[in-house]
Amino acid sequence: MKKVLTIAGSDCSGGAGIQADIKTITAHKMYAMSAITALTAQNTTGVYGVLDSTPEFVGQQLDCIMTDIFPDSVKIGMVSSPEIIDKIVEKLEEYQPSNIVVDPVMISTSGSRLLSESAMDALITRLIPLATIITPNIHEAEAFCGMEIHSKEDMQVAAQKLSNMYKGAILIKGGHLEDTADDLLYSDGELTWFPGGRIDNPNSHGTGCTLSSAIACNLADGLDIKSSIQEAKLYITGALEAGLDLGKGSGPLNHCYALKK
């Protein structure tokens, strides 16, 4: 059985973060492990509180995982302080796992900044260079590049700018564009578009967490970058099309839509 580690924050309502990651990994028939960077008090209507883990405790979790059940891939999501980022970087450099997927949770779907300037700097300069692939949304790509993105042409310019800062694969998610939901991969100097039609489902809580975890699963299974993204997009499309409707706000996906009774 393949083993996938998620390093992220907990969503007590189960739709995003660690909980979405574990559901996604399990739906891919893989063994899920987690190092929790923060507890959050949140639900489908918003985030109401955050309690960070200490860097030392994050490091202890990673030591326990890496020295016992070594992961085939690692997904990294919410990391809210430069000290926690530094500890994760220290442990990644110490244990050298493969297939590192970084979902840079910096800016929310609504455009709200989620990280301090110092944490963003640590994320960009220390953690992202260790990634096999990063999966920023439009707002996050704008923050990386210092430019506005309004079109597919802008996405291409941003991807090429990012490639000057970071040598791994870059997947810019196009879900925030007005006229398309296409995603763009920049890898080894090549641009690849992944078409994505808009699905009529307002319940999209945790889509970024889910996509990055699915990519990590596919990389653990030995697929290349392009195939890992394509399969992950098929999975998340099915989870959206299942039409789960829970909660009073933007509800979660049905991560287990393909499981038979």
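**A tour from strand β8 to the nonpolar cores**

Begin by selecting residues 183-187, which form strand β8, a mostly covered strand in which five of the five residues are buried. Keep in mind throughout that the model is predicted. With side chains displayed, turn β8 so that its two faces can be told apart: Asp 183, Leu 185 and Ser 187 lie on one side, Leu 184 and Tyr 186 lie on the other, and all of them are buried, so both faces are covered.

Next, add strand β7, residues 169-172, which pairs with β8 in the antiparallel sense over three bridges. Selecting Ile 170 together with Tyr 186 of β8 shows a pair of bridge partners.

Then bring in strand β9, residues 190-194, whose antiparallel pairing with β8 runs over five bridges. Here Asp 183 is found opposite Phe 194 of β9. Follow the chain into the hairpin of β8 and β9, where two residues separate the strands, and stop at Asp 188, which takes a positive phi near 55 degrees.

Now move to the largest nonpolar core, which has 45 residues, and select Ile 76, Ile 88, Leu 127 and Ile 172, the members that touch the most others. Colour helix α3, residues 82-95, as well, since this helix gives the most to the core, with six residues. Centre the view on Leu 127 and, setting aside its neighbours within four places in sequence, display the residues in contact with it: Ile 76, Val 79, Ile 85, Ile 88, Val 89, Leu 92, Val 102 and Ala 122.

As a last stop, select Cys 217, Ile 225, Ala 232 and Tyr 235, which are included in a second, separate core of 25 residues.

Notes
Residues are numbered from 1 along each chain as its sequence is written. This is a predicted model: local features need pLDDT of at least 70, side-chain atom pairs count only at pLDDT 80 or more; totals for chains, interfaces and linings use all residues. Side-chain values use heavy atoms; hydrogens and water are left out. Buried means under 20% relative accessible area, exposed over 50%, partly exposed in between (1.4 Å probe, protein chains only). Helices (H or I, at least four residues) and strands (E, at least two) are DSSP runs, numbered from the N terminus. Two strands pair if DSSP finds at least two bridges between them. A nonpolar core is a set of buried Ala, Val, Leu, Ile, Met, Phe, Trp, Tyr and Cys residues joined through side-chain atoms within 4.5 Å. Contact means heavy atoms within 4.5 Å.
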